[in-house]
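Thanks for making the time. I will go through one model, starting with the overall layout and ending with a few single residues.

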Amino acid sequence: MKKMLPIIGISLILDQIIKVIIINYLSLYQSINVIKSFFNITYVRNNGAAWSILSGNRLLLISISIVALIIIYNCFIRNQKLTKLENFSYGILIGGTVGNLTDRIFRGYVVDYLDFNLFGYNFPIFNFADICIVIGISLICIVLIGGELRVRNKNN
């Protein structure tokens, strides 16, 4: 766990710094076009989870985040010898989760701002913490699948 603390800290601090900048320099729903018809920075408040699922259920979402952090620690981190990639993966996953949890606890909503239009589909607006969560989970899945494949190949 000690090795992932700097990764958690950097992820969390970057997330919160970006959100403070967004809050201080943009009005709610203000949008800045960065790449025409593709990418905007748009300040929105998300009262739910991804795609605004469970919108308005702040205490439930806080509880889910805390339970998820406890499960991640107890099932995957505690008493485990983790590789550098696993430390990084769990570090950014936890940092991102704590970043959005911090928003929910102290602001009552999550600050989102990354606004992409992909092939005519206006993707739901998200933030740096969400990127950390998705990359962390993706890397963990790759590590787990890779380990399972190595075990199967070794047994055959």
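First a definition: helices here are DSSP runs of H or I with at least four residues, strands are runs of E with at least two, and both are numbered from the N terminus. This is a predicted model, in which local features need pLDDT of at least 70 and side-chain atom pairs count only at pLDDT 80 or more, while totals for chains, interfaces and linings use all residues. Residues are numbered from 1 along each chain as its sequence is written, and side-chain values use heavy atoms, with hydrogens and water left out.

With that definition, the protein chain has four helices and four strands. Along the sequence they come in the pattern α-β-β-α-α-β-β-α. The C-alpha atoms fill a box of roughly 55 × 35 × 30 Å along the principal axes. Of the 156 residues, 34% are buried; buried means under 20% relative accessible area, exposed means over 50%, and partly exposed is in between, with a 1.4 Å probe and protein chains only. Contact means heavy atoms within 4.5 Å. Of the contacts between residues at least 6 apart in sequence, 63% join residues at least 24 apart.

Now the sheet. Strands of a sheet pair through backbone hydrogen bonds, either parallel or antiparallel. For this talk, two strands pair if DSSP finds at least two bridges between them. What is the order of the four strands in the open sheet? It is β1-β2-β3-β4, with antiparallel pairing. The edge strands are β1, residues 31–35, and β4, each of which pairs on one side only.

Taking the pairs in turn, β1 and β2 are joined by four bridges, and β2 (residues 39–46) pairs with β3 (residues 110–118) over six. In that second pair, Val 44 has Asp 112 as its bridge partner. Between β3 and β4, residues 121–122, there are two bridges, and Leu 118 stands opposite Tyr 121. Helix α1, residues 5–25, lies across β2 and β3 and runs at about 85° to β3; axes are lines fitted to C-alpha atoms, for helices over the stretch in contact, and angles run from 0 to 180 degrees between N-to-C directions.

One residue in β2 deserves a slower look: Thr 42. Is Thr 42 buried or exposed? Its relative accessibility is 7%, so Thr 42 counts as buried. Its bridge partner across the β1–β2 pairing is Ser 31, and the side chains of Thr 42 and Ser 31 also make a polar contact of 2.7 Å. A polar contact is a pair of N or O atoms within 3.5 Å; within protein, one must be able to donate a hydrogen and the other to accept it, and residues adjacent in sequence count only if both atoms are side-chain atoms. The Thr 42 side chain makes another polar contact, at 2.9 Å, with the side chain of Asp 115. Leaving aside neighbours within four places in sequence, the residues in contact with Thr 42 include Tyr 29, Tyr 113 and Ile 125.

Next, the cores. A nonpolar core is a set of buried Ala, Val, Leu, Ile, Met, Phe, Trp, Tyr and Cys residues joined through side-chain atoms within 4.5 Å. The largest has 12 residues, among them Met 4, Ile 62, Leu 93 and Ile 140. Helices α2 (58–77) and α3 (84–106) each supply at least two residues of this core. A second, separate core of nine residues includes Leu 26, Tyr 109, Tyr 113 and Phe 126.

Back to α3 for a length check. The expected span of a helix is 1.5 Å times one less than its number of residues. The 23 residues of α3 should therefore span 33 Å, and the end C-alpha atoms are 32 Å apart, which agrees. After α3 comes Gly 108, with a positive phi near 90°.

Last, backbone angles. Most residues other than glycine have a negative phi. Asn 79, in the loop between α2 and α3, has a positive phi near 60°. At 73% relative accessibility, Asn 79 counts as exposed. Phe 119 lies in the loop between β3 and β4, a hairpin with two residues between the strands. Its phi is positive, about 55°, and at 89% relative accessibility Phe 119 counts as exposed.
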